[in-house]
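Here are my notes on the two-chain model you sent over. I have set them out as numbered points so you can go through them with the structure open.

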Amino acid sequence: MYSTNRYLKFKKMNKTYYNAEDLGKFGNIGEFQPELAKKFFDYYGEVFKDGALTAREKSLIALAVAHAIQCPYCIDAYTTDSLEKGADEQQMMEAIHVTAAIRGGASLVHGVQMMNKVKEITM
Amino acid sequence: MIKSLKAQNNTLSDTFIQLQVLNTPAGSGKVFPSFKDKIKESGFSKFSPTKIEILQINVGKMCNQVCKHCHVDAGPDRKEIMTRDTMEHCLAALEGSAITTVDLTGGAPEMNPDFRWFVTEITKLGKKVIVRCNLTIIVANPKYYDLPDFFKENHVEVASSLPHFSAKRTDSQRGDGVFVASIKALQMLNAVGYGIVNSGLILNLIYNPGGAFLPGSQSSLEKEFKTRLSRDYGINFTNLFAITNLPISRFLDYLVSSGNYDAYMEKLVNAYNPAAVGNVMCRNTVSVGWDGYLFDCDFNQMLDLKLKDPTSIHIADYNNEVLTNREIIVNQHCYGCTAGAGSSCGGEISP
(Lines give C-alpha, C1' and ligand atoms only; values in the text may rest on other atoms or scores of the structure.)
Protein backbone atom coordinates (compact mmCIF):
# COMPACT_ATOMS: atom_id res chain seq x y z
CA MET A 1 0.00 0.00 0.00
CA TYR A 2 2.81 2.35 0.99
CA SER A 3 4.71 1.74 -2.23
CA THR A 4 1.56 2.29 -4.34
CA ASN A 5 0.92 5.65 -2.69
CA ARG A 6 4.48 6.64 -3.25
CA TYR A 7 4.23 5.66 -6.89
CA LEU A 8 1.00 7.67 -7.33
CA LYS A 9 2.62 10.68 -5.68
CA PHE A 10 5.60 10.33 -8.02
CA LYS A 11 3.27 10.09 -11.04
CA LYS A 12 1.40 13.24 -9.97
CA MET A 13 4.64 15.17 -9.58
CA ASN A 14 6.22 13.93 -12.79
CA LYS A 15 3.72 13.75 -15.62
CA THR A 16 6.58 13.84 -18.10
CA TYR A 17 10.31 13.32 -17.74
CA TYR A 18 10.99 16.79 -19.14
CA ASN A 19 9.30 19.94 -17.89
CA ALA A 20 9.99 23.18 -19.82
CA GLU A 21 9.80 25.18 -16.58
CA ASP A 22 12.77 23.25 -15.20
CA LEU A 23 15.06 25.11 -17.62
CA GLY A 24 14.49 28.28 -15.61
CA LYS A 25 15.41 26.36 -12.44
CA PHE A 26 18.83 25.28 -13.70
CA GLY A 27 20.50 27.51 -11.13
CA ASN A 28 18.78 25.52 -8.38
CA ILE A 29 21.29 22.68 -8.76
CA GLY A 30 23.37 24.73 -6.30
CA GLU A 31 20.85 23.86 -3.60
CA PHE A 32 22.40 20.39 -3.15
CA GLN A 33 26.04 21.28 -3.89
CA PRO A 34 26.70 25.05 -3.93
CA GLU A 35 30.49 25.08 -4.37
CA LEU A 36 30.58 22.89 -7.47
CA ALA A 37 27.52 24.66 -8.94
CA LYS A 38 29.22 28.02 -8.51
CA LYS A 39 32.39 26.76 -10.18
CA PHE A 40 30.34 25.30 -13.03
CA PHE A 41 28.28 28.45 -13.65
CA ASP A 42 31.31 30.74 -13.43
CA TYR A 43 33.06 28.54 -15.98
CA TYR A 44 29.92 28.36 -18.12
CA GLY A 45 29.66 32.15 -18.16
CA GLU A 46 33.29 32.52 -19.17
CA VAL A 47 33.01 29.94 -21.96
CA PHE A 48 30.21 31.81 -23.70
CA LYS A 49 31.83 35.26 -23.66
CA ASP A 50 33.27 36.80 -26.82
CA GLY A 51 36.77 35.41 -27.30
CA ALA A 52 38.64 34.07 -30.30
CA LEU A 53 35.15 32.96 -31.30
CA THR A 54 32.27 35.43 -31.06
CA ALA A 55 29.44 34.81 -28.60
CA ARG A 56 27.17 34.28 -31.63
CA GLU A 57 29.45 31.60 -33.09
CA LYS A 58 29.59 29.88 -29.69
CA SER A 59 25.82 29.97 -29.48
CA LEU A 60 25.54 28.25 -32.89
CA ILE A 61 28.06 25.62 -31.76
CA ALA A 62 26.00 25.09 -28.61
CA LEU A 63 22.88 24.72 -30.75
CA ALA A 64 24.58 22.07 -32.88
CA VAL A 65 25.86 20.21 -29.80
CA ALA A 66 22.40 20.45 -28.21
CA HIS A 67 21.05 18.51 -31.18
CA ALA A 68 23.88 15.98 -31.01
CA ILE A 69 23.15 15.23 -27.35
CA GLN A 70 19.42 15.72 -27.97
CA CYS A 71 18.89 17.82 -24.87
CA PRO A 72 15.49 19.56 -25.10
CA TYR A 73 16.46 22.18 -22.52
CA CYS A 74 19.60 23.06 -24.49
CA ILE A 75 17.71 23.15 -27.81
CA ASP A 76 15.15 25.53 -26.27
CA ALA A 77 17.82 27.71 -24.68
CA TYR A 78 20.20 27.93 -27.65
CA THR A 79 17.48 28.47 -30.24
CA THR A 80 16.48 31.60 -28.31
CA ASP A 81 20.09 32.54 -27.62
CA SER A 82 21.08 32.17 -31.30
CA LEU A 83 18.16 34.41 -32.34
CA GLU A 84 19.06 36.97 -29.69
CA LYS A 85 22.63 37.04 -30.92
CA GLY A 86 21.43 37.79 -34.45
CA ALA A 87 21.65 34.39 -36.14
CA ASP A 88 19.00 33.66 -38.73
CA GLU A 89 17.05 30.51 -39.53
CA GLN A 90 19.41 29.50 -42.35
CA GLN A 91 22.50 29.71 -40.14
CA MET A 92 20.76 27.77 -37.37
CA MET A 93 19.65 25.00 -39.73
CA GLU A 94 23.14 24.81 -41.25
CA ALA A 95 24.51 24.31 -37.71
CA ILE A 96 22.14 21.36 -37.26
CA HIS A 97 23.22 19.92 -40.61
CA VAL A 98 26.76 19.97 -39.21
CA THR A 99 25.42 17.87 -36.32
CA ALA A 100 23.73 15.51 -38.76
CA ALA A 101 26.83 15.26 -40.95
CA ILE A 102 29.06 14.43 -38.00
CA ARG A 103 26.58 11.98 -36.51
CA GLY A 104 25.96 10.34 -39.88
CA GLY A 105 29.66 10.39 -40.71
CA ALA A 106 30.47 8.82 -37.34
CA SER A 107 28.29 5.86 -38.26
CA LEU A 108 29.53 5.61 -41.81
CA VAL A 109 33.23 5.85 -40.96
CA HIS A 110 32.75 2.71 -38.85
CA GLY A 111 31.83 1.09 -42.16
CA VAL A 112 35.57 0.90 -42.77
CA GLN A 113 35.88 -1.26 -39.67
CA MET A 114 33.10 -3.46 -41.03
CA MET A 115 34.86 -3.65 -44.40
CA ASN A 116 38.15 -4.56 -42.72
CA LYS A 117 36.46 -7.38 -40.84
CA VAL A 118 34.67 -8.59 -43.96
CA LYS A 119 37.96 -8.70 -45.83
CA GLU A 120 39.63 -10.47 -42.91
CA ILE A 121 37.16 -13.30 -42.70
CA THR A 122 36.07 -13.81 -46.28
CA MET A 123 37.82 -15.47 -49.19
CA MET B 1 -1.30 44.26 -46.33
CA ILE B 2 -2.70 43.71 -42.83
CA LYS B 3 -4.87 46.37 -41.18
CA SER B 4 -4.10 48.26 -37.99
CA LEU B 5 -5.59 46.93 -34.76
CA LYS B 6 -7.86 49.96 -34.77
CA ALA B 7 -9.20 49.22 -38.27
CA GLN B 8 -9.70 45.58 -37.29
CA ASN B 9 -11.68 46.67 -34.20
CA ASN B 10 -9.29 44.48 -32.23
CA THR B 11 -9.93 44.78 -28.47
CA LEU B 12 -6.23 45.51 -27.94
CA SER B 13 -6.57 48.75 -29.90
CA ASP B 14 -8.17 50.01 -26.67
CA THR B 15 -5.39 51.26 -24.39
CA PHE B 16 -7.50 50.49 -21.30
CA ILE B 17 -7.58 46.80 -22.32
CA GLN B 18 -3.82 46.83 -22.97
CA LEU B 19 -3.18 48.16 -19.47
CA GLN B 20 -5.59 45.61 -18.06
CA VAL B 21 -3.66 42.78 -19.74
CA LEU B 22 -0.38 44.18 -18.39
CA ASN B 23 -1.73 44.49 -14.85
CA THR B 24 -3.62 41.24 -14.33
CA PRO B 25 -1.96 37.93 -13.44
CA ALA B 26 -0.67 36.09 -16.48
CA GLY B 27 -2.58 33.12 -17.89
CA SER B 28 -0.20 30.81 -16.05
CA GLY B 29 -1.30 32.48 -12.79
CA LYS B 30 2.03 34.24 -12.41
CA VAL B 31 1.92 37.69 -10.83
CA PHE B 32 4.75 39.91 -11.99
CA PRO B 33 6.14 42.40 -9.48
CA SER B 34 5.01 45.97 -10.01
CA PHE B 35 7.55 48.04 -11.95
CA LYS B 36 6.88 50.98 -9.66
CA ASP B 37 7.87 48.87 -6.61
CA LYS B 38 10.85 47.49 -8.46
CA ILE B 39 12.37 50.91 -9.19
CA LYS B 40 11.60 52.00 -5.63
CA GLU B 41 13.78 49.09 -4.45
CA SER B 42 16.49 50.44 -6.77
CA GLY B 43 16.35 53.83 -5.04
CA PHE B 44 13.87 55.71 -7.25
CA SER B 45 10.96 56.52 -4.95
CA LYS B 46 10.06 59.58 -7.06
CA PHE B 47 10.95 58.97 -10.68
CA SER B 48 11.65 62.30 -12.38
CA PRO B 49 13.61 63.62 -15.36
CA THR B 50 17.21 64.70 -15.05
CA LYS B 51 17.10 67.40 -17.75
CA ILE B 52 14.92 67.73 -20.84
CA GLU B 53 17.23 67.52 -23.84
CA ILE B 54 15.10 65.76 -26.46
CA LEU B 55 11.67 66.58 -27.82
CA GLN B 56 10.33 63.50 -29.57
CA ILE B 57 7.47 64.48 -31.84
CA ASN B 58 5.05 62.04 -33.42
CA VAL B 59 3.86 63.87 -36.52
CA GLY B 60 1.21 61.29 -37.39
CA LYS B 61 0.23 57.67 -37.33
CA MET B 62 -0.04 57.32 -41.11
CA CYS B 63 2.52 54.89 -42.54
CA ASN B 64 3.12 53.05 -45.79
CA GLN B 65 3.99 49.91 -43.81
CA VAL B 66 2.12 47.78 -41.27
CA CYS B 67 4.83 46.17 -39.14
CA LYS B 68 3.72 43.32 -36.90
CA HIS B 69 5.44 44.73 -33.82
CA CYS B 70 4.48 48.42 -34.26
CA HIS B 71 3.81 50.07 -30.90
CA VAL B 72 2.07 52.97 -32.66
CA ASP B 73 -0.40 50.69 -34.51
CA ALA B 74 0.50 52.78 -37.54
CA GLY B 75 -0.49 52.04 -41.14
CA PRO B 76 -2.09 53.43 -44.29
CA ASP B 77 -5.49 53.30 -42.58
CA ARG B 78 -4.44 55.66 -39.76
CA LYS B 79 -5.39 59.23 -40.58
CA GLU B 80 -4.15 61.02 -37.43
CA ILE B 81 -1.74 63.71 -38.68
CA MET B 82 -0.14 66.66 -36.86
CA THR B 83 -1.36 70.02 -38.18
CA ARG B 84 0.86 72.98 -39.00
CA ASP B 85 -0.73 74.83 -36.05
CA THR B 86 0.51 72.17 -33.63
CA MET B 87 3.93 72.23 -35.31
CA GLU B 88 4.05 75.99 -34.72
CA HIS B 89 3.38 75.37 -31.02
CA CYS B 90 6.28 72.90 -31.06
CA LEU B 91 8.56 75.53 -32.64
CA ALA B 92 7.50 78.09 -30.05
CA ALA B 93 8.33 75.64 -27.25
CA LEU B 94 11.71 74.88 -28.83
CA GLU B 95 12.73 78.48 -29.38
CA GLY B 96 15.10 79.52 -26.63
CA SER B 97 14.72 76.23 -24.79
CA ALA B 98 17.61 74.06 -23.65
CA ILE B 99 16.35 71.23 -25.82
CA THR B 100 19.15 70.22 -28.18
CA THR B 101 17.53 67.49 -30.25
CA VAL B 102 14.22 67.01 -32.01
CA ASP B 103 13.38 63.41 -32.77
CA LEU B 104 10.70 63.11 -35.45
CA THR B 105 8.73 59.92 -35.60
CA GLY B 106 5.43 58.51 -36.84
CA GLY B 107 4.05 56.48 -38.71
CA ALA B 108 6.21 57.53 -41.57
CA PRO B 109 6.93 61.15 -40.59
CA GLU B 110 7.68 62.04 -44.23
CA MET B 111 4.00 61.43 -45.09
CA ASN B 112 2.93 64.48 -43.10
CA PRO B 113 2.30 67.19 -45.75
CA ASP B 114 4.16 69.77 -43.61
CA PHE B 115 7.11 67.49 -42.83
CA ARG B 116 9.72 69.33 -44.95
CA TRP B 117 8.62 72.75 -43.74
CA PHE B 118 8.78 71.54 -40.15
CA VAL B 119 12.29 70.06 -40.51
CA THR B 120 13.55 73.28 -42.13
CA GLU B 121 12.07 75.45 -39.37
CA ILE B 122 13.52 73.29 -36.58
CA THR B 123 16.93 73.39 -38.27
CA LYS B 124 16.74 77.20 -38.40
CA LEU B 125 16.47 77.14 -34.58
CA GLY B 126 19.85 75.39 -34.45
CA LYS B 127 18.44 72.13 -33.11
CA LYS B 128 19.64 68.73 -34.22
CA VAL B 129 16.94 66.81 -36.09
CA ILE B 130 16.64 63.03 -36.05
CA VAL B 131 14.16 61.49 -38.48
CA ARG B 132 12.97 57.95 -37.81
CA CYS B 133 12.73 56.94 -41.45
CA ASN B 134 11.32 53.50 -42.27
CA LEU B 135 13.48 53.46 -45.46
CA THR B 136 10.76 52.11 -47.78
CA ILE B 137 9.08 55.53 -47.88
CA ILE B 138 12.08 56.79 -49.88
CA VAL B 139 11.24 54.42 -52.75
CA ALA B 140 7.45 54.31 -52.22
CA ASN B 141 6.62 57.17 -54.58
CA PRO B 142 8.64 59.46 -56.90
CA LYS B 143 7.77 62.45 -54.70
CA TYR B 144 9.96 60.92 -51.97
CA TYR B 145 12.94 59.96 -54.14
CA ASP B 146 14.78 63.17 -53.22
CA LEU B 147 14.47 62.62 -49.46
CA PRO B 148 18.17 61.68 -49.11
CA ASP B 149 19.12 65.06 -50.64
CA PHE B 150 16.61 66.87 -48.43
CA PHE B 151 17.99 65.14 -45.32
CA LYS B 152 21.53 66.07 -46.37
CA GLU B 153 20.66 69.74 -46.94
CA ASN B 154 19.26 69.97 -43.41
CA HIS B 155 21.97 67.82 -41.76
CA VAL B 156 19.27 65.49 -40.53
CA GLU B 157 20.39 62.42 -38.61
CA VAL B 158 18.62 59.40 -40.10
CA ALA B 159 17.57 56.50 -37.85
CA SER B 160 16.14 53.57 -39.77
CA SER B 161 14.71 50.24 -38.74
CA LEU B 162 16.22 47.12 -40.20
CA PRO B 163 15.53 44.09 -38.03
CA HIS B 164 17.85 41.78 -39.91
CA PHE B 165 20.30 41.40 -42.75
CA SER B 166 18.20 38.52 -44.08
CA ALA B 167 15.16 39.25 -46.27
CA LYS B 168 13.09 36.53 -44.63
CA ARG B 169 13.52 37.86 -41.09
CA THR B 170 12.97 41.48 -42.13
CA ASP B 171 9.89 40.78 -44.23
CA SER B 172 8.31 38.55 -41.58
CA GLN B 173 8.31 41.54 -39.21
CA ARG B 174 7.83 44.48 -41.57
CA GLY B 175 5.91 43.07 -44.55
CA ASP B 176 6.60 41.41 -47.89
CA GLY B 177 9.12 43.22 -50.06
CA VAL B 178 10.30 45.55 -47.28
CA PHE B 179 13.83 44.16 -47.22
CA VAL B 180 14.49 44.72 -50.94
CA ALA B 181 13.03 48.25 -50.77
CA SER B 182 15.04 49.01 -47.61
CA ILE B 183 18.29 47.90 -49.25
CA LYS B 184 17.55 50.13 -52.24
CA ALA B 185 16.83 53.09 -49.92
CA LEU B 186 20.01 52.47 -47.91
CA GLN B 187 22.01 52.49 -51.13
CA MET B 188 20.37 55.82 -52.08
CA LEU B 189 21.29 57.26 -48.66
CA ASN B 190 24.87 55.99 -49.02
CA ALA B 191 25.05 57.56 -52.50
CA VAL B 192 24.62 61.08 -51.05
CA GLY B 193 27.09 60.34 -48.24
CA TYR B 194 24.91 59.01 -45.41
CA GLY B 195 26.71 56.40 -43.32
CA ILE B 196 30.02 57.08 -45.05
CA VAL B 197 32.99 57.67 -42.73
CA ASN B 198 33.98 61.36 -42.37
CA SER B 199 30.94 62.58 -44.33
CA GLY B 200 29.36 63.97 -41.16
CA LEU B 201 26.07 62.43 -42.30
CA ILE B 202 24.79 59.97 -39.72
CA LEU B 203 22.79 56.92 -40.72
CA ASN B 204 21.97 54.71 -37.75
CA LEU B 205 20.16 51.40 -38.02
CA ILE B 206 17.60 50.29 -35.47
CA TYR B 207 17.44 46.60 -34.65
CA ASN B 208 14.28 45.15 -33.09
CA PRO B 209 14.08 41.42 -32.40
CA GLY B 210 11.70 39.74 -34.83
CA GLY B 211 9.83 37.77 -32.18
CA ALA B 212 9.44 37.03 -28.49
CA PHE B 213 13.09 37.31 -27.57
CA LEU B 214 15.42 40.05 -26.35
CA PRO B 215 18.12 41.78 -28.38
CA GLY B 216 21.63 40.42 -27.96
CA SER B 217 24.75 42.53 -27.49
CA GLN B 218 24.45 45.76 -29.48
CA SER B 219 28.14 45.87 -30.39
CA SER B 220 28.15 42.25 -31.61
CA LEU B 221 25.01 42.80 -33.66
CA GLU B 222 26.48 45.98 -35.14
CA LYS B 223 29.64 44.14 -36.16
CA GLU B 224 27.64 41.35 -37.81
CA PHE B 225 25.29 43.78 -39.62
CA LYS B 226 28.25 45.83 -40.88
CA THR B 227 29.99 42.75 -42.24
CA ARG B 228 26.91 41.28 -43.91
CA LEU B 229 25.44 44.49 -45.35
CA SER B 230 28.80 45.59 -46.70
CA ARG B 231 29.67 42.18 -48.16
CA ASP B 232 26.26 41.41 -49.66
CA TYR B 233 25.01 44.87 -50.72
CA GLY B 234 27.91 47.32 -50.39
CA ILE B 235 25.99 49.22 -47.68
CA ASN B 236 27.60 51.34 -44.96
CA PHE B 237 26.00 52.76 -41.84
CA THR B 238 27.17 54.64 -38.75
CA ASN B 239 25.92 52.70 -35.72
CA LEU B 240 23.37 50.06 -34.90
CA PHE B 241 21.02 50.56 -31.95
CA ALA B 242 19.43 47.46 -30.43
CA ILE B 243 15.95 48.12 -29.06
CA THR B 244 13.75 45.81 -27.00
CA ASN B 245 10.15 45.37 -28.13
CA LEU B 246 7.82 46.67 -25.42
CA PRO B 247 4.67 44.64 -24.72
CA ILE B 248 2.13 47.14 -26.02
CA SER B 249 -0.12 47.56 -29.05
CA ARG B 250 0.62 45.25 -32.00
CA PHE B 251 3.54 43.54 -30.26
CA LEU B 252 1.29 42.83 -27.28
CA ASP B 253 -1.31 41.43 -29.68
CA TYR B 254 1.39 39.20 -31.20
CA LEU B 255 2.53 38.02 -27.74
CA VAL B 256 -0.99 37.21 -26.57
CA SER B 257 -2.19 35.57 -29.79
CA SER B 258 0.99 33.48 -30.20
CA GLY B 259 0.94 32.28 -26.58
CA ASN B 260 4.25 34.00 -25.82
CA TYR B 261 2.99 36.70 -23.44
CA ASP B 262 3.74 35.01 -20.09
CA ALA B 263 7.20 33.82 -21.08
CA TYR B 264 8.13 37.20 -22.60
CA MET B 265 7.00 39.18 -19.55
CA GLU B 266 8.89 36.76 -17.32
CA LYS B 267 11.96 37.26 -19.47
CA LEU B 268 11.67 41.07 -19.18
CA VAL B 269 11.10 40.94 -15.41
CA ASN B 270 13.97 38.49 -14.84
CA ALA B 271 16.28 40.64 -16.97
CA TYR B 272 15.50 43.79 -14.91
CA ASN B 273 18.75 45.74 -14.65
CA PRO B 274 18.84 48.38 -11.89
CA ALA B 275 21.84 50.00 -13.60
CA ALA B 276 19.68 50.83 -16.63
CA VAL B 277 16.93 52.64 -14.69
CA GLY B 278 18.75 55.93 -14.31
CA ASN B 279 19.34 56.23 -18.06
CA VAL B 280 15.91 55.42 -19.49
CA MET B 281 14.86 57.90 -22.15
CA CYS B 282 11.89 59.36 -20.27
CA ARG B 283 14.45 61.03 -18.00
CA ASN B 284 15.70 63.37 -20.74
CA THR B 285 12.82 63.33 -23.23
CA VAL B 286 9.34 64.74 -23.61
CA SER B 287 7.12 63.07 -26.18
CA VAL B 288 4.58 65.04 -28.21
CA GLY B 289 1.56 63.31 -29.73
CA TRP B 290 0.13 64.09 -33.19
CA ASP B 291 -2.51 66.25 -31.48
CA GLY B 292 0.01 68.14 -29.33
CA TYR B 293 -0.52 66.33 -26.03
CA LEU B 294 2.60 65.62 -24.00
CA PHE B 295 3.78 62.30 -22.62
CA ASP B 296 6.76 60.84 -20.78
CA CYS B 297 7.74 58.73 -23.79
CA ASP B 298 6.44 57.39 -27.08
CA PHE B 299 5.21 54.21 -25.36
CA ASN B 300 3.24 56.10 -22.70
CA GLN B 301 1.83 58.15 -25.57
CA MET B 302 0.56 55.02 -27.30
CA LEU B 303 -0.97 53.83 -24.01
CA ASP B 304 -2.56 57.28 -23.64
CA LEU B 305 -0.91 57.80 -20.23
CA LYS B 306 -1.16 61.59 -20.14
CA LEU B 307 0.97 63.69 -17.81
CA LYS B 308 -0.35 64.28 -14.30
CA ASP B 309 0.18 68.03 -13.91
CA PRO B 310 -2.64 69.77 -15.82
CA THR B 311 -0.67 73.01 -16.19
CA SER B 312 1.59 71.57 -18.89
CA ILE B 313 -0.09 68.67 -20.68
CA HIS B 314 -0.15 70.18 -24.19
CA ILE B 315 2.67 71.58 -26.32
CA ALA B 316 0.79 74.92 -26.43
CA ASP B 317 1.36 75.13 -22.64
CA TYR B 318 4.93 73.79 -22.66
CA ASN B 319 6.55 74.66 -19.35
CA ASN B 320 10.11 73.42 -18.94
CA GLU B 321 10.16 73.80 -15.15
CA VAL B 322 6.90 71.92 -14.62
CA LEU B 323 7.99 69.19 -17.02
CA THR B 324 11.45 68.81 -15.47
CA ASN B 325 9.96 68.39 -12.01
CA ARG B 326 7.17 66.05 -13.07
CA GLU B 327 6.80 62.53 -11.79
CA ILE B 328 7.18 60.09 -14.68
CA ILE B 329 4.27 57.68 -15.07
CA VAL B 330 5.46 54.08 -15.04
CA ASN B 331 3.62 50.82 -15.65
CA GLN B 332 4.43 47.19 -16.40
CA HIS B 333 5.50 47.86 -20.00
CA CYS B 334 8.47 49.84 -18.60
CA TYR B 335 10.23 46.53 -17.88
CA GLY B 336 11.06 46.61 -21.61
CA CYS B 337 13.35 49.62 -21.13
CA THR B 338 15.23 48.15 -18.17
CA ALA B 339 15.79 44.60 -19.41
CA GLY B 340 19.36 43.44 -19.90
CA ALA B 341 21.53 46.25 -21.21
CA GLY B 342 18.44 48.49 -21.19
CA SER B 343 16.70 50.02 -24.18
CA SER B 344 15.88 53.43 -25.56
CA CYS B 345 15.38 55.03 -28.96
CA GLY B 346 19.17 55.35 -28.95
CA GLY B 347 19.74 51.67 -28.19
CA GLU B 348 21.44 50.20 -25.11
CA ILE B 349 21.59 52.45 -22.05
CA SER B 350 23.35 50.68 -19.18
CA PRO B 351 26.60 52.37 -18.20
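**Notes on the model**

1. Let's begin with a pair of helices in chain B. Helix 7 of chain B packs against helix 8 (residues 178-191) of chain B at about 105°, and their axes are 8 Å apart. That angle makes helix 7 of chain B roughly perpendicular to helix 8 of chain B. On the helix 7 side of chain B the residues involved are B:Ala167, B:Thr170, B:Asp171 and B:Arg174, and they meet B:Val178, B:Phe179, B:Val180 and B:Ser182 in helix 8 of chain B. Sorted by class, this contact has four nonpolar, two polar and two charged residues.

2. A word on confidence before going further. This is a predicted model, with an ipTM of 0.72 and a pTM of 0.87. Chain B has an average pLDDT of 94, and 99% of the residues score at least 70. For chain A the mean pLDDT is 89, with 89% of its residues at 70 or more. Which element of chain A has the lowest mean pLDDT, and which the highest? The lowest belongs to helix 1 (residues 2-13) of chain A, at 52, and the highest to helix 3 of chain A, at 97.

3. Now for where the chains touch. On chain B, 14 residues are in contact with twelve residues of chain A. Two elements give two or more residues each to that side of chain B: helix 7 (167-174) and helix 9 (218-233) of chain B. Helix 9 of chain B gives the most, with three residues. By class, the side of chain B that touches chain A has five nonpolar, six polar and three charged residues. Helix 7 of chain B therefore turns up twice in these notes, once for its packing on helix 8 of chain B and once for its residues on the side that touches chain A.

4. Next, the sheet in chain B. Its eight strands form an open sheet in the order 6-5-4-3-2-1-7-8, with mixed pairing. Strand 6 (240-242) and strand 8 (294-295) of chain B are at the edges with a single partner strand each, so each has one side left without a neighbour in the sheet. Further in, strand 1 (residues 54-58) and strand 2 (residues 101-105) of chain B run parallel and are joined by five bridges. If you want a spot to look at in that pair, B:Leu55 stands opposite B:Val102 in strand 2 of chain B.

5. One peptide bond deserves a look. The bond joining B:Gly106 and B:Gly107 is cis, with omega at about 20°. B:Gly107 sits in the loop between strand 2 and helix 4 (115-124) of chain B.

6. Over to chain A, and to helix 3 with helix 5. The axes of helix 3 (residues 55-68) and helix 5 (residues 89-121) of chain A come within 8 Å and cross at roughly 45°. The two helices of chain A are therefore oblique to each other, and helix 3 of chain A passes helix 5 of chain A in a right-handed crossing. From helix 3 of chain A come A:Leu60, A:Leu63, A:Ala64, A:His67 and A:Ala68, and the residues they meet in helix 5 of chain A include A:Met92, A:Ala95, A:Ile96 and A:Arg103. This contact divides into eight nonpolar, three polar and one charged residue.

7. Helix 3 of chain A also packs on helix 4 (residues 72-84) of chain A, at an angle of about 155° and with the axes 9 Å apart. These two helices of chain A are therefore roughly antiparallel to each other. Is their crossing left-handed or right-handed? For helix 3 and helix 4 of chain A, the crossing is left-handed. The helix 3 residues of chain A are A:Ser59, A:Leu60, A:Ala62, A:Leu63, A:Ala66 and A:His67, and among those they meet in helix 4 of chain A are A:Cys74, A:Ile75, A:Tyr78 and A:Asp81. This contact has seven nonpolar, four polar and one charged residue.

8. Last, a backbone angle to check. A:Gln70 has a phi near 50°, a positive value in a residue other than glycine. You will find A:Gln70 in the loop between helix 3 and helix 4 of chain A.

How values were computed: Residues are numbered from 1 along each chain as its sequence is written. Chains are lettered from A and ligands numbered from 1 in the order in which they are written. This is a predicted model: local features need pLDDT of at least 70, side-chain atom pairs count only at pLDDT 80 or more; totals for chains, interfaces and linings use all residues. Two strands pair if DSSP finds at least two bridges between them. Helices (H or I, at least four residues) and strands (E, at least two) are DSSP runs, numbered from the N terminus. Two residues are in contact if their C-beta atoms, placed from the backbone, lie within 7 Å. Ala, Val, Leu, Ile, Met, Phe, Trp, Tyr, Cys and Pro count as nonpolar, Asp, Glu, Lys and Arg as charged, and the others, Gly among them, as polar. Axes are lines fitted to C-alpha atoms, for helices over the stretch in contact, and angles run from 0 to 180 degrees between N-to-C directions. Angles under 35 degrees count as roughly parallel, over 145 as roughly antiparallel, 65 to 115 as roughly perpendicular and the rest as oblique. A crossing is left-handed if the near helix is turned anticlockwise from the far one by less than a right angle, and right-handed if clockwise. pLDDT is the predictor's confidence in each residue, from 0 to 100.
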